[in-house]
Amino acid sequence: MTRLVYLATSRTGNNPRQHELFEIALIERAPGGERASYWRLQPKRMPEADPEHLRAADYFAHPHPGHDVVAVDRSLGTMQPVDPWALARELQARLFDAVVVSLDPIRDLAFVAAWLEARGALPGWRRGIDATALAVGALQGLLHGWYGAGRALDRPIGPPQVDPAAAAELPWNPYRLAATLGIKGAYSDASDAALRADLTLALWNLIYAPHPAPVEAPAPSSPAAAVPEPRPAAAGDHPYPDDKLVAPPTAPPVEGPPRRADETAVLDMAGEFDRA
C-alpha cells in the first residue's frame, strides 16, 4: 500500500545551495495510523540568510533549539536533543518510497534532499504532490458547479459560495485557499512547520473525503405495487409480449426436384477424387 507523508519545512531562504532548514515537520499516514514528528534545527550560516524571508517566516519569534537538532513534543512543548546523523537515517527510512504531499513540494523536497545528502543519506521518496494545486482544482470545481467537487466538499451545487479571486490570483496562496474552502485556523507563512503540515493534511482530507453513498430508491410498499400495470397495445408494438417472447413459426423446408442419375454420378466421382 502506498504510504502518504505530509511534509512542511521552514527555511532561511529559497535557495537550497545557500540557505538552510530550521524546521521540519512530518505526518506519516500508514495502515497502522498516523505518526507526527516535528524538529527544529539550528542554522549555521545565518549571515547568508534572506532577511525578507526570515521576516515573513517570523524566524525570531520561534524558540531557538540550543542544539543542532531537537525533537519537539507539541503536546508538552518540550525539546529533546537529537543527533543530526541519526535523524538523517530516520528521515531516509520514513520517506523511502513514499508519496510526499506538501504546500510547496518543489522547495520542501529540494531542501530536505540537500540536508539528507550532506549527512550521507539518500532521498528515496516516490514523488511529490502539490496540495496547493489540488486546492485550486477543488475550488475551480466548485466555481464551475462540478458535481463531484460539490459532493466531496459538502458544498451546494449552483451559485458559487466561494471567493473566485482565491483561485485566480498568482502565485497561489494556500492559506487563503484553505480559508475559502472552509478550513478554520489562522495559518500563514509565519506559522511553524508543524501547523503547516496540519494544514496540508486538512486540505488532503477535505479534497479526498469519501463521497456520500448513493441514495437508493425506496422499496415498494406491497407486492402488488411492484408489478407494473399492462399498457394498452399501440401501433408498431412487437406482436409478442416483452416478457413472453416467442420465436416466429418457421416454414417447413422445401425439397427440390429429385436428382437425375447423371448428376448423382458426377457427385460421387467428385467425392472419390477428394478422398484420393
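## A buried threonine to start from

Let us begin with one residue: with a relative accessibility of 0%, Thr-200 counts as buried, because anything under 20% falls into that class. Thr-200 belongs to helix H8, which covers residues 193–207. The structure you are looking at is a predicted model.

What does Thr-200 touch, leaving out residues up to four places away in sequence? Its partners are Tyr-6, Leu-7, Val-101, Ser-102, Leu-103 and Ala-131. One of these, Ala-131, will come back below, as a residue of helix H4 in the contact with H8.

## The chain as a whole

Now a step back to the full chain. It has 10 helices and seven strands. Of its 276 residues, 34% count as buried. The chain exposes about 17300 Å², and 58% of that area is supplied by carbon and sulfur atoms.

The contacts also say something about how the chain comes together. Taking contacts between residues at least 6 apart in sequence, 63% join residues that are at least 24 apart.

## Ala-197, another residue of helix H8

Helix H8 also holds Ala-197. Is Ala-197 buried or exposed? Its relative accessibility is 1%, so Ala-197 counts as buried.

With neighbours within four places in sequence set aside, Ala-197 is in contact with Tyr-6, Ala-8, Ala-25 and Ile-27. Tyr-6 is also among the residues that Thr-200 touches. Ala-197 can be paired with Ile-24 as well: the two are 173 residues apart in sequence, while their C-alpha atoms are 9.2 Å apart in space.

## Helices H4 and H8

Two packed helices are described by the angle between their axes and the distance between the axes. For helix H4 (residues 131–143) and H8, the axes cross at roughly 35° and come within 10 Å. The crossing of H4 past H8 is left-handed.

Which residues make this contact? On the H4 side they are Ala-131, Leu-134, Ala-135 and Ala-138, and on the H8 side Thr-200, Leu-203, Trp-204 and Ile-207. By class, the contact of H4 with H8 has seven nonpolar residues, one polar residue and no charged ones. Thr-200, the buried residue of the opening, takes part here on the H8 side.

## Helices H2 and H3

A second helix pair is formed by H2 (residues 84–95) and H3 (residues 105–117), which pack with their axes 9 Å apart and at an angle of about 130°. H2 and H3 are therefore oblique to each other. This crossing, too, is left-handed.

From H2, the contact takes in Pro-84, Leu-87, Ala-88, Leu-91, Gln-92 and Leu-95, and from H3 it takes in Val-112, Trp-115 and Leu-116. Eight of the residues in the contact of H2 with H3 are nonpolar, one is polar and none is charged.

## Two aspartates in loops

Loops have their own points of interest. Asp-58 sits in the loop between helix H1 (51–56) and strand S4 (69–73). Asp-58 is not a glycine, yet it has a positive phi of about 55°. Its relative accessible area is 37%, which means that Asp-58 is partly exposed.

Where is Asp-97 found? Asp-97 lies in the loop between H2 and strand S6 (99–102). Asp-97 also has a positive phi, of about 60°, although it is not a glycine. At a relative accessibility of 36%, Asp-97 counts as partly exposed.

## Two arginines in helices

To finish, here are two arginines. Arg-55 is part of helix H1, and its relative accessible area of 55% makes Arg-55 exposed. Along the sequence, Arg-55 and Ala-190 are 135 residues apart, but from C-alpha to C-alpha they are 8.4 Å apart in space.

Arg-176 is in helix H7, which covers residues 174–180. With 31% relative accessibility, Arg-176 counts as partly exposed. Arg-176 and Tyr-187 are 11 residues apart along the chain, and their C-alpha atoms are separated by 8.8 Å.

How values were computed: Residues are numbered from 1 along each chain as its sequence is written. This is a predicted model: local features need pLDDT of at least 70, side-chain atom pairs count only at pLDDT 80 or more; totals for chains, interfaces and linings use all residues. Side-chain values use heavy atoms; hydrogens and water are left out. Helices (H or I, at least four residues) and strands (E, at least two) are DSSP runs, numbered from the N terminus. Buried means under 20% relative accessible area, exposed over 50%, partly exposed in between (1.4 Å probe, protein chains only). Contact means heavy atoms within 4.5 Å. Axes are lines fitted to C-alpha atoms, for helices over the stretch in contact, and angles run from 0 to 180 degrees between N-to-C directions. Angles under 35 degrees count as roughly parallel, over 145 as roughly antiparallel, 65 to 115 as roughly perpendicular and the rest as oblique. A crossing is left-handed if the near helix is turned anticlockwise from the far one by less than a right angle, and right-handed if clockwise. Ala, Val, Leu, Ile, Met, Phe, Trp, Tyr, Cys and Pro count as nonpolar, Asp, Glu, Lys and Arg as charged, and the others, Gly among them, as polar. Accessible areas come from the Shrake-Rupley method with a 1.4 Å probe; for residues, only the protein chains shown count as cover.
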